[in-house]
Amino acid sequence: MGVYLNPRNDGFAEAIHSEIYVDKTGLIAYTNQYLNTEQKFICVSRPRRFGKSMALRMLAAYYSRGCDSRELFSGMKIESDPAFADYINRFDVIFLNMQHFLIRAKKQDFTEYLEQAVLGDIRKEYGDFFSDQETILAAALEQIYADTGKKFIFLIDEWDCVMRERQEEECLQKQYLDFLRNLLKDQPYVALAYVTGILPVKKYGQHSALNMFWEYSMTDQSIFEEYTGFTEGEVKELCRQYDMDFAETGSWYDGYQFRRFKHVYNPRSVVAAMKSRYFSDYWISTETYEALKVYMEMDFDGLRSDIVRMLGGERISVNTHSFQNDMCTFRTRDDVLTLLIHLGYLGYDAEKKETFIPNREIAGEFENAMSVGGWGEVMRILKASDRLLEDTLRLDAESVAAGLDRAHTEVASILTYNDENTLCCAISLAYYSARKDYRMVREMPAGHGFADVVFLPLPMVQKPALIIELKYGGSADAAIQQIRDRQYPRALEGYAGEILLVGVNYDKDNRNKPHSCVIERFITNE
């Protein structure tokens with residue numbers, strides 16, 4: 001057992017003995033399938049605190065010859081897999097955390113320091129098979145393989161830290177990529193290479209050093225969807241164990257979605273909420289909002305408008321393919337949005353190619369970033385949203401209309417168009433504070449059509465539901481009548497109690513009073 005070669009299983013043991021552990025060992029069944037195949041190069045990229053390092057510690061505990069891990073995996077999902085016994089603790093594992101090397105190298109050459117450290121560890125086990133003067137890690141491993149036939153599994157954490165933390169040092173980045181290519185590509189001693197980071201590896205300008213990797217990122221996790229965060233079933237079980245409300249957990253931490261798993265939760269935040277028995281912004285509290293603010297303020301046509309629309313609950317079309325997979329090469333607003341997807345600040349629907357703000361926790365981070373930037377129009381709307389909800393609940397239609405006048409004016413000054421979508425965005429933002437007690441649904445299927453905006457009270461919230469219908473150049477009474485005619489209240493399945501029907505009309509030709517509003521009570525016994 002060494003530091004880098006065949007580490008102990010202590011890291012995984014700590015995870016499974018923690019107060020909350022969710023069994024993700026099914027991932028091992030996939031890596032077993034790819035051992036010694038053309039698919040053996042795997043890059044799984046995810047946002048920070050999404051379980052990347054834990055997955056590597058699990059794989060190290062399973063494969064490493066440096067420990068006996070059978071007891072740790074007893075009762076786990078992978079134990080029932082037919083290949084479980086074939087590979088457990090059967091491989092030489094080289095486990096590297098690149099961020100540790102980057103920090104420790106200081107003024108010394110980064111890759112040179114890395115090779116010296118790892119070679120020193122390997123020399124203890126295989127020093128008889130390569131020269132004492134050997135300084136190149138790949139050359140030593142080649143000689144070990146030639147003499148013994150031994151293959152290695154490479155587990156690399158924070159693979160992209162050089163690109164993230166040394167963004168302007170192109171020479172260092174290229175040197176690092178060349179090192180990884182020489183170490184891994186076309187090398188017979190590689191049985192499996194599983195690397196993790198925040199960014200995918202596909203493109204860095206014209207350099208394609210690591211094009212042998214199969215990528216699984218936040219734009220397409222493919223077979224690893226189930227192991228990216230917590231699934232809906234896993235969160236339901238945790239909520240049952242800790243007596244926490246599942247619907248409110250979803251409003252805070254759900255929202256990441258993939259092709260098969262439509263509800264993926266932020267694991268770090270869910271664990272923190274369960275342990276503390278309190279909902280809060282646990283994930284974003286581990287990093288300053290200044291990181292998000294930098295990207296929000298990039299001057300690309302349409303980016304500012306897109307962010308406002310997403311904060312209002314809309315989804316935005318995005319092309320993720322032009323992104324160069326670094327943190328300094330931005331040519332379009334699509335590149336910025338794609339980076340925010342990889343960082344976890346935005347969710348992504350691969351089927352519709354749309355991006356969106358996934359949940360309440362992340363919306364709060366956008367709000368924090370806006371509060372210290374040039375987003376005065378939006379902040380004025382958000383700060384007034386408490387009063388607007390109060391006016392609505394009091395059925396004060398005149399005050400609601402006046403509040404919407406102000407919100408619509410502010411939003412129209414940011415967006416590049418002024419139509420029904422602008423009005424809908426303005427109303428969603430104007431009721432922003434309602435999301436503390438409600439789940440907002442835009443374009444909710446209802447009765448014989450789609451209700452424009454619906455607010456459903458969270459469990460234990462003693463407030464009426466809201467159905468808001470918008471008219472553009474019609475009348476507020478007509479909006480209310482449409483709610484009734486199309487039987488929108490029937491869509492609130494499982495909800496029993498008071499519903500407020502809110503009809504809103506915008507008349508652009510009426511400069512003195514462009515918005516009108518009618519509010520009515522409706523009682524359902526369903």
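**Figure 1. Asp 121 and Lys 124 within helix H6 of the predicted model.** Both residues belong to helix H6, which covers residues 110–126. They are three residues apart, about one turn of the helix. Their side chains form a salt bridge, and the closest N and O atoms are 3.7 Å apart. The two partners fall into opposite classes of accessibility. Asp 121 has a relative accessible area of 6% and is therefore buried. Lys 124 reaches 70% relative accessibility, so this residue counts as exposed.

**Figure 2. The salt bridge between Arg 333 and Asp 334.** The view is centred on the side chains of Arg 333 and Asp 334, which meet at 2.3 Å, N to O. Arg 333 has a relative accessible area of 18%, and buried means under 20%, so Arg 333 is classed as buried. Asp 334, at 15% relative accessibility, also counts as buried because its value is under the 20% cut-off.

**Figure 3. A network of salt bridges that includes Arg 333 and Asp 334.** Here the pair from the previous view is shown with its partners. Asp 306, Arg 309, Glu 314 and Arg 442 are linked with Arg 333 and Asp 334 in a network of salt bridges. Within the protein as modelled, the count of salt bridges comes to 28.

**Figure 4. Arg 484 and Glu 520, a salt bridge between a helix and a strand.** The side chains of Arg 484 and Glu 520 meet at 2.9 Å, N to O. Arg 484 lies in helix H20 (residues 476–485), while Glu 520 lies in strand S15 (residues 515–524), so the salt bridge ties together parts that are 36 residues apart in sequence. Arg 484 is partly exposed, with a relative accessible area of 35%. Glu 520 is partly exposed too, with a relative accessible area of 27%.

**Figure 5. Strand S4 and its paired strands S1 and S3.** Strand S4 spans residues 190–197. Eight of its eight residues are buried, so the strand is largely enclosed by the rest of the structure. Strand S1 (residues 41–45) runs parallel to S4 and is joined to S4 by five bridges. On this side, Cys 43 has Val 195 of S4 as its bridge partner. Strand S3 (residues 152–157) is likewise parallel to S4, and five bridges join S3 and S4. In this pairing, Phe 154 stands opposite Ala 193 of S4.

**Figure 6. The whole protein chain, for orientation among the close-up views.** The chain has 20 helices and 15 strands. Its C-alpha atoms fill a box of roughly 90 × 50 × 35 Å, taken along the principal axes. Of the 526 residues in the chain, 57% are buried. Among contacts between residues at least 6 apart in sequence, 69% join residues at least 24 apart. The accessible surface of the chain comes to about 22,700 Å², and 45% of that surface belongs to carbon and sulfur atoms. The chain carries 61 positive and 80 negative charges, and the mean positions of the two sets are 1 Å apart.

Definitions and conventions:
Residues are numbered from 1 along each chain as its sequence is written. Side-chain values use heavy atoms; hydrogens and water are left out. Buried means under 20% relative accessible area, exposed over 50%, partly exposed in between (1.4 Å probe, protein chains only). Helices (H or I, at least four residues) and strands (E, at least two) are DSSP runs, numbered from the N terminus. Two strands pair if DSSP finds at least two bridges between them. A salt bridge is a side-chain nitrogen of Lys or Arg within 4 Å of a carboxyl oxygen of Asp or Glu. Contact means heavy atoms within 4.5 Å. Accessible areas come from the Shrake-Rupley method with a 1.4 Å probe; for residues, only the protein chains shown count as cover. Lys and Arg count as positive and Asp and Glu as negative; His and the chain ends are not counted. The place of a charge is taken as NZ of Lys, CZ of Arg, CG of Asp or CD of Glu.
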